Amino acid sequence: MNAIESQESIRSLIPALSNKIYFNYGGQGPLPNPSLDAITNSWKKIQILGPFTEDIWPFIAKEINETRQLLAKACGVTPRRIALTENVTSGCVIPLLGIPFNPGDRILISDCEHPGVIAACKELAKKKGLILDKLPVNGLREGIDRYKENENQFFDLLAKNLTRKSRLVVVSHILWNTGQLIPIERIVKFLSNHPNQPYLLVDAAQSFGQIDVSGAASQADIYAFTGHKWALGPEGLGGVVVSERVLNDSSPVLIGWRSLKDESVCDLIERNQFHKDSRRFEIATSCIPLLAGLRSSLMLIEKEGKVSSRKENILKLSQKLWENLNAINGISPLLKGPPPSGLVSFKLPKGIETNKVVRELGKNRIWVRSLKEPDCLRACVHITSLNNELTKLTKSISGFI
Ligand SMILES: Cc1ncc(COP(=O)(O)O)c(C=O)c1O
């Protein structure tokens, strides 16, 4: 299937794309109709078989198992290492809270992490007497993925900011603001030589559904993702891959009946009451119909081509948008070269307010978002984006200059 055919086929299934020009895939992906149908059908089935009857449990078990298997395949791991969550943040935080830290241990966190994850690390540090260190990657504006010397610059920063007491490194796979692609697998190798063997927590909000995550997801200690952004799934369902080391070392802190080996009893004496596998990080009742919706979206995306060819299509579009924007006098893309993924962030000339531009573009049914650090606009392109949409955005942006 060529790029144009693929764009047409999935686009036509997505009602949200029929009445607007959409560049907010990194915020939330639009849901294709078949996925919405899969959710409603599953919900109806639950009402017909159940909702709380002996007849419903095999259906629910099958839904959970199939989804876990599909996510495990995408992440290049066995299902025992995937916990189902509701979103990226809970996938980061739930296993993180269980990691054994000693007072004085240090957490190295990048300066491009999402506010919720930063807040969780800050609070954890306060409660456990840990020290937070900053990994300053916001200023890296040359493509880390393109040139070895830029990647080396990243590793120089990593080496400089790690200390002997560092016990955890927190970084996103794709930085949500600058759009840099972070070399997770090389970080894992690098950290394996550190005397304190720091854990690696990766926020995969902007990578899952967009690029091949299997190498990074299978090697990081905590790799947390959501279905509702680039995977075009429903909001309220995500997952986290945890390493065997986390399964061994970390004990659940947020606990519920789904964390238990036997959900029907929990006496006061029994030890090792939790699942040995990643289900120990699942908590309680969740929305089962969403599972069918996410599986449907993942299958629809897969139908558009292999992950490598999808990425190629995304890169063609993001390169074009980057070039178009770069050609406008006064607009400065954050990255100095074509972006390594579908995120294209750019600065407006001083004095033009980003929020106002977002609102004005919205009046013309063009949707991008603003970011605060750095102050910029972000437009995301996906396999569903069209060349003429890029042209319209570029024209509209030049109209503000
Ligand atoms: C990098 C990053 N992390 C975390 C989040 C929060 O996602 P969620 O609401 O799924 O936890 C976002 C949302 O935009 C994000 O971009």
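Me: Let's start with Leu 175: which residues does Leu 175 touch, leaving out those up to four places away in sequence?
Reply: This is a predicted model, so everything here is read from predicted positions. Leu 175 sits in the loop between β5 and α7 (184–192). Leaving out residues up to four places away in sequence, the ones Leu 175 touches are Cys 112, Val 137, Gln 180 and Ile 182.

Me: Does that loop position leave its side chain in or out, I mean, is Leu 175 buried or exposed?
Reply: The cut-off for buried is 20 or more other C-beta atoms within 10 Å. Leu 175 has 25 C-beta neighbours inside 10 Å, so Leu 175 counts as buried.

Me: How many Å lie between Leu 175 and Thr 391, C-alpha to C-alpha?
Reply: Along the sequence, Leu 175 and Thr 391 are 216 residues apart. In space, going C-alpha to C-alpha, the gap is 25 Å.

Me: Thr 391 falls within the residue range of α13 (387–399). What span does α13 reach from its first C-alpha to its last?
Reply: Helix α13 has 13 residues, and at 1.5 Å a residue the expected span is 18 Å. The model comes close to that, with a reach of 19 Å.

Me: Why do the buried residues of α13 end up on the same side?
Reply: The buried residues of α13 are Glu 389, Leu 390, Leu 393 and Ile 397. On the other side of α13, Asn 388, Lys 395 and Gly 399 are exposed. The buried ones share a side of α13 because they cover an arc of only 100 degrees around the axis.

Me: What do the buried residues of α13 pack against?
Reply: Glu 389, Leu 390, Leu 393 and Ile 397 are the buried ones to look at. Their packing partners are β1 (21–22), α11 (307–326), β11 (366–367) and β13 (376–380).

Me: Over to α5 (residues 115–128). How many degrees of arc do the buried residues of α5 cover?
Reply: Helix α5 has 14 residues and reaches 20 Å, close to the expected 20 Å. Its buried residues are Val 117, Ala 120 and Cys 121. They lie on the same side of α5 because the arc they cover is only 95 degrees.

Me: Which residues are exposed on the other side of α5?
Reply: The buried residues of α5 have cover that includes α4 (88–98), β3 (106–110), β4 (131–135), β5 (166–172) and β6 (199–203). On the other side of α5, the exposed residues are Pro 115, Glu 123 and Lys 126.

Me: There's a ligand too, so which residues are closest to the ligand?
Reply: The ligand is surrounded by 13 residues. That shell divides into 3 nonpolar, 9 polar and 1 charged. The closest to the ligand are Asn 87, Val 88, Thr 89, His 114 and Ala 205.

Me: Now the domains: which element gives the most to the side of domain 1 that touches domain 2?
Reply: The chain is divided into domain 1 (3–30 + 306–399) and domain 2 (56–299), with 27 Å between their centres, taken over C-alpha atoms. Contact involves 24 residues of domain 1 and 22 residues of domain 2. On the domain 1 side, α11 and β10 (343–347) each supply at least two residues. The one that gives the most, with 4 residues, is α11.

Me: Where is the proline that Gly 50 joins through a cis peptide bond?
Reply: Most peptide bonds are trans. The bond joining Gly 50 and Pro 51 is cis, with omega about 10 degrees. Pro 51 is found in the loop between α2 (33–49) and α3 (56–75).

Me: What is omega for the cis bond from Glu 373 to Pro 374?
Reply: Pro 374 has its place in the loop between β12 (369–371) and β13. For the cis peptide bond from Glu 373 to Pro 374, omega is near -5 degrees.

Me: Gln 197 and Leu 232 both have a positive phi without being glycines. Is Leu 232 buried or exposed?
Reply: Gln 197, with phi about 45 degrees, is exposed, having 12 other C-beta atoms within 10 Å. Leu 232 has a phi of about 60 degrees and lies in the loop between β7 (222–226) and β8 (238–242). With 29 C-beta neighbours inside 10 Å, Leu 232 counts as buried.

Methods. Residues are numbered from 1 along each chain as its sequence is written. This is a predicted model: local features need pLDDT of at least 70, side-chain atom pairs count only at pLDDT 80 or more; totals for chains, interfaces and linings use all residues. The expected span of a helix is 1.5 Å times one less than its number of residues. The arc is that of the directions from the helix axis to the C-beta atoms. Two residues are in contact if their C-beta atoms, placed from the backbone, lie within 7 Å. A residue is near a molecule or strand if its C-beta atom, placed from the backbone, lies within 6 Å of it. Ala, Val, Leu, Ile, Met, Phe, Trp, Tyr, Cys and Pro count as nonpolar, Asp, Glu, Lys and Arg as charged, and the others, Gly among them, as polar. Domain bounds come from an automatic or database domain assignment.
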